[in-house]
Amino acid sequence: MTRHRLALTGGLVLVLIAGFCFLGPLIHHTDQTDVDLVNAALPPGAGHLLGTDTNGFDVLGRLMTGGRLSLEIGLLAALISTLIGTVYGAVAGLAGGVVDGFLMRLVDVMLSIPFLFVVLILSARFAASAVSLSLVIGGFSWLLSARLIRGEVLALRVREFVLAAKVMGASRRRIILTHLIPHALGVIIINATFQVADAIIVVSALGFLGFGMTYPTVDWGSQLADGASYLSTGYWWLVYPVGACIVLTVLALNLLADALRDAIGRPTSPSSQN
């Protein structure tokens with residue numbers, strides 16, 4: 001990892017973005033609640049480094065608060081997805097036979113359901129919040145994780161240490177928690193990194209389509225949607241900065257995940273698994 005320049009670049013960019021979103025508001029104090037139409041749509045200048053939006057909110061401060069929420073949702077959704085997918089895939093891979101076949105066919109059925117379509121329906125039905133979006137995204141993005149971990153467990157369950165544990169009378173729960181999951185931890189971490197990037201993209205897409213956070217909270221997707229309608233009028237500062245933040249964050253996470261994959265030497269795509 002230390003010799004991987006792209007990994008170091010991605011890690012550095014990710015640290016800078018996290019510091020910008022979480023520590024930035026402590027230094028750059030702005031009002032992101034009260035509308036200020038007097039100072040609406042101001043171009044970047046001394047008073048507002050990235051200008052203001054059409055409601056008078058400071059764009060730089062809005063990038064910080066929106067990014068913090070997007071990162072929190074991405075991390076929580078990835079955690080939920082990784083936990084469910086890891087346990088589900090480990091159980092299916094260790095059980096084998098009819099149980100494995102049934103569990104994987106269930107995954108195939110759920111994968112046939114359009115993910116974005118379901119998320120849009122649930123987002124429209126229930127009030128959007130950081131927790132609800134994380135639960136919805138994490139609750140439907142664990143399927144590929146389950147197939148990936150299941151494939152890893154299929155390779156691990158025939159190893160000598162697992163066979164020895166079975167001979168010694170270890171329960172399936174002990175084998176999964178003590179032997180299988182720890183030895184698949186590298187793959188789990190790589191997949192979780194990709195899951196964070198995917199969750200941020202989904203959050204941004206929902207916000208852009210109008211199903212994200214509502215006033216006074218904001219995420220990068222809703223901020224991008226608000227600015228896109230004014231791009232033709234020359235208000236470039238409402239679109240390009242937030243778009244750059246989304247691209248840089250997802251790119252940094254993907255670079256970091258690719259470097260982890262190269263360092264560990266394990267597959268990250270379940271497409272080759274049955």
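For sorting a pocket lining, I count Ala, Val, Leu, Ile, Met, Phe, Trp, Tyr, Cys and Pro as nonpolar, Asp, Glu, Lys and Arg as charged, and the others, Gly among them, as polar. The model I am working from is predicted.

**Entry: second largest pocket**

I looked up the volume of the second largest pocket and noted about 250 Å³. Its lining has 17 residues, and I listed those closest to the centre as Asp53, Arg62, Ser222, Gln223 and Asp226.

I then sorted the lining of this pocket by class and got seven nonpolar, seven polar and three charged residues.

Which helix gives the largest share of the lining of the second largest pocket? I found that H11 does, with four residues. Helix H11 spans 220–228, and helix H3, spanning 59–95, also supplies at least two lining residues.

**Entry: cysteines**

I searched for disulfides and the structure holds zero. Why is cysteine 21 not bonded to cysteine 245? I checked the sulfur of cysteine 21: the closest cysteine sulfur, in cysteine 245, is 6.7 Å away, which is too far for a bond, because a disulfide needs the two sulfur atoms within 2.5 Å. From the other side I read the pair again: cysteine 245 is in no disulfide, and its nearest cysteine sulfur is that of cysteine 21.

Are these two cysteines buried or exposed? My cut-off for buried is under 20% relative accessible area. Cysteine 21 has 0% relative accessibility, so I logged cysteine 21 as buried. Cysteine 245 has a relative accessible area of 16%, so I logged cysteine 245 as buried too.

Technical notes
Residues numbered from 1 in each chain as written. Predicted model: local features only at pLDDT ≥ 70, side-chain atom pairs only at ≥ 80, totals over all residues. Heavy atoms only, no water. 1 Å grid on protein atoms, 1.4 Å probe; cavity = no way out; pocket = protein on both sides within 12 Å on 5 of 7 lines; lining within 4 Å. Points joined across faces, edges and corners; volume = space filled by probe spheres on them. Buried < 20%, exposed > 50% of the residue type's maximum accessible area, 1.4 Å probe, protein only.
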